Amino acid sequence: MVDDRGRVIIEQHLETPTEPASAVAEIGAACRAVAAEASVAIERVGIGAPGPLELSEGIIELAPNLGWERVPLRAMFAEELSCAVWLDNDANAAALGEAWVGAGRGAKVMLMVTLGTGIGGGVVADGRLFHGAAGGALEIGHQIIEPGGRECTCGRRGCVEAYFSGHALVEQAATASGDQEASLASVFQAYVEGDPSVTPWMDRAIDALARGVAHAVMLFDPDQVTFTGGLAGSWDAFGARLRAGIESDVGPSGPHPSFGLSTLDGRAGLIGAARLALQAIE
Ligand SMILES: [Zn+2]
């Protein structure tokens, strides 16, 4: 629950549900519990969901990480909660939140890059999200930067997130060292220490991400680039190389944005989802 100044009033977390119907029922119950706790009625709901989405219909087309296909999430929540519902991509929602009250406050154009299980992106220009014609803009993670390269969860090969994403990093670590249990924290630690079983593929993964972000910088000319997501917590391990790679790919004549980390502590998505619903009446 978020107020009209972007402050989180009450927050509840759930395990990631597996089936759409049970997800809607569980999240709906949590929404009602939060509303009851605050003694308010739910007027409108904003949702940040994994995409690609069919925005005009409020449908999740495909969420490979959840195994969902053609899920009419907006209609399902409107029925569950009997109120108006706004739906957007989770990375877009995070971008909107960060641009509203976080690291991008005051920026004219903010590019947000979400580093998590997958790699997402969003652009907020003059306070509004840039969606593209069908809501599919800024899929930074699924730009092919290595034709014929590593297999991606989207079914194609050589995408950015087939190299640098939570999923891809663990997989590459397991392949390189034979250790199937290696945690991301231990992999980043080994990289910082110069472990030769990690350095070559990690360098390549960071450079793949840099190239993908550099493309977005060239196309959208942001004055602020904000990184967020679970992997951003390990920024000290890869941030310097990533930034140098982006600046090198963009070149001296390209845009010169500021770089920074999310300041909303993982709440950017929920604050931005609330902003979606609030913005609709402004
Ligand atoms: Zn892909």
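1. Start with the sheet of three strands. This open sheet has the order β2-β3-β4, and its pairing is antiparallel. At its edges stand β2 (53–54) and β4 (68–71). Each has a single partner strand, so one side of each is left without a neighbour in the sheet. Keep in mind throughout that the model is predicted.

2. Look next at how β2 meets β3. Strand β3 covers residues 59–63, and 2 bridges join β2 to β3. The two strands run antiparallel. For a landmark, find E54: it stands opposite I59 in β3.

3. Now turn to the other sheet. Here 5 strands form an open sheet in the order β8-β7-β6-β9-β10. The pairing in this sheet is mixed. Its edge strands are β8 and β10 (258–261), and each of these pairs on one side only. As background, strands of a sheet pair through backbone hydrogen bonds, either parallel or antiparallel.

4. Within this sheet, follow β6 and β7. Strand β6 spans residues 109–115 and strand β7 spans residues 119–125. They run antiparallel, joined by 7 bridges. V109 stands opposite A125 in β7.

5. The metal site comes next. Which residues hold the zinc ion? The zinc ion is coordinated by H142 through ND1, and by C152, C154 and C159 through SG. The coordination distances run from 2.0 to 2.3 Å. The site is tetrahedral, with angles of 103 to 123° among the 4 donor atoms.

6. Check the spacing of the zinc donors too. In sequence they follow the pattern H-x9-C-x1-C-x4-C. Both H142 and C152 lie in the loop between β8 and α4 (166–177), so this pair ties together parts that are 10 residues apart in sequence.

7. Then consider the second largest pocket. About 200 Å³ of space lies in it. Its lining includes L55, R74, W86, L87, D88 and L96. Also in the lining are R128, L129, H131, L276, Q279 and A280. By type, the lining residues divide into 7 nonpolar, 2 polar and 3 charged.

8. Where does the lining of the second largest pocket come from? β5 (84–89), β8 (128–129) and α8 (268–279) each supply at least two residues. The largest share, 3 residues, comes from β5. Two domains contribute: domain 1 (20–93 + 266–279) and domain 2 (107–261) each give at least three residues to this lining.

9. One link is worth tracing on screen. Strand β8 is an edge strand of the sheet of 5 strands, and β8 also supplies at least two residues to the lining of the second largest pocket. The loop that holds H142 and C152 lies between β8 and α4.

Methods. Residues are numbered from 1 along each chain as its sequence is written. This is a predicted model: local features need pLDDT of at least 70, side-chain atom pairs count only at pLDDT 80 or more; totals for chains, interfaces and linings use all residues. Side-chain values use heavy atoms; hydrogens and water are left out. On a 1 Å grid over the protein atoms alone, a cavity is a set of points where a 1.4 Å probe fits but cannot get out, and a pocket is an open set with protein on both sides within 12 Å along at least five of seven lines; lining residues have an atom within 4 Å of a point. Grid points are joined across faces, edges and corners, and a volume is the space filled by probe spheres set on the points. Helices (H or I, at least four residues) and strands (E, at least two) are DSSP runs, numbered from the N terminus. Ala, Val, Leu, Ile, Met, Phe, Trp, Tyr, Cys and Pro count as nonpolar, Asp, Glu, Lys and Arg as charged, and the others, Gly among them, as polar. Domain bounds come from an automatic or database domain assignment. Two strands pair if DSSP finds at least two bridges between them. Donors are N, O and S atoms within 2.8 Å of the metal (3.2 Å for Na, K and Ca); water is not among the atoms, so sites may look incomplete. Four donors count as tetrahedral if all angles lie between 85 and 135 degrees; four count as square planar and six as octahedral if opposite donors are over 155 degrees apart and all others between 65 and 115; anything else is irregular.
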